[in-house]
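I opened my notebook for a first look at this structure. Here is what I looked up, entry by entry, for anyone meeting it alongside me.

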Amino acid sequence: MEKDEFLDGLFIPVWHCVRTFWGIRSSRKLPGNKITGELVEETEEEITKEVVGYLEMQLED
């Protein structure tokens, strides 16, 4: 890749975050709220397969 060049369209979520206020899910940034997260349910092998598939597709073009 050249400098400042980006991969178009590759977004593989591996972490899911939720903002809560007193245990209730909130979309607003309120004083005292917490952001918690967890890994998504995809395995390392599934993520690797998705990345390799994307790279192979880019190399074909």
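**Aromatic pairs.** I searched the whole structure for aromatic pairs and found one. The partners are Phe21 and Trp22, with ring centres 5.0 Å apart and planes at 15°, so I noted the pair as stacked. The cut-off for that word is planes under 30 degrees apart. I kept in mind that I was reading a predicted model.

**How covered are the two partners?** I looked up Phe21 and read 25% relative accessibility, so I wrote it down as partly exposed. For Trp22 I read 77%, which makes that residue exposed. The limits I applied were under 20% for buried and over 50% for exposed.

**The turn at Trp22.** Next I asked myself where Trp22 sits. I found Trp22 in the loop between β1 and β2. Those two strands form a hairpin, and two residues lie between them. I also looked up the backbone of Trp22: its phi is positive, about 55°, although Trp22 is not a glycine.

**Strand β1 and its partners.** I followed the hairpin into its strands. β1 covers residues 15-21 and β2 covers residues 24-25. They pair in the antiparallel sense, over two bridges. One detail pleased me here: Phe21, already met in the stacked pair, has Ile24 in β2 as its bridge partner.

Then I turned to β3, which holds residues 34-39. How many bridges join β3 to β1? I counted six, and the two strands run antiparallel. I marked some facing residues to help me find my way: Cys17 stands opposite Gly37, and Val18 stands opposite Thr36.

**The sheet as a whole.** With the pairs in hand, I wrote down the strand order as β2-β1-β3. This is an open sheet of three strands with antiparallel pairing. Which strands are at the edges? They are β2 and β3, each of which pairs on one side only. I reminded myself that strands of a sheet pair through backbone hydrogen bonds, either parallel or antiparallel.

I also checked how well β3 is covered. It is hardly covered, for I found zero buried residues among its six.

**A nonpolar patch.** On the surface I looked for nonpolar side chains that lie together. Val14, Trp15 and Leu39 make a nonpolar patch of about 320 Å². Val14 belongs to the segment before β1. Its relative accessible area is 39%, so I listed Val14 as partly exposed.

**Stepping back.** Last, I looked up the overall numbers. The protein has one helix and three strands, and along the sequence they follow the pattern β-β-β-α. Of its 61 residues, 11% count as buried. The protein exposes about 6000 Å², and carbon and sulfur atoms supply 56% of that area. Among the contacts with a separation of 6 or more, 33% are between residues 24 or more positions apart.

**Where I would start again.** To find my way back, I would begin at the stacked rings of Phe21 and Trp22, pass through the hairpin of β1 and β2, and cross from β1 to β3 by their six bridges.

Note on methods:
Residues numbered from 1 in each chain as written. Predicted model: local features only at pLDDT ≥ 70, side-chain atom pairs only at ≥ 80, totals over all residues. Heavy atoms only, no water. Pairing = 2+ DSSP bridges. Helix = DSSP H or I, 4+ residues; strand = E, 2+ residues; numbered from the N terminus. Phe/Tyr/Trp six-rings, centres within 6.5 Å; stacked < 30°, edge-to-face > 60°. Buried < 20%, exposed > 50% of the residue type's maximum accessible area, 1.4 Å probe, protein only. Patch = residues over 30% accessible without salt bridge, like charges linked within 9 Å, V, L, I, M, F, W, Y side chains within 5 Å. Areas by Shrake-Rupley, 256 points an atom, 1.4 Å probe, with all protein chains shown as cover. Salt bridge = Lys/Arg side-chain N within 4 Å of Asp/Glu carboxyl O. Contact = heavy atoms within 4.5 Å.
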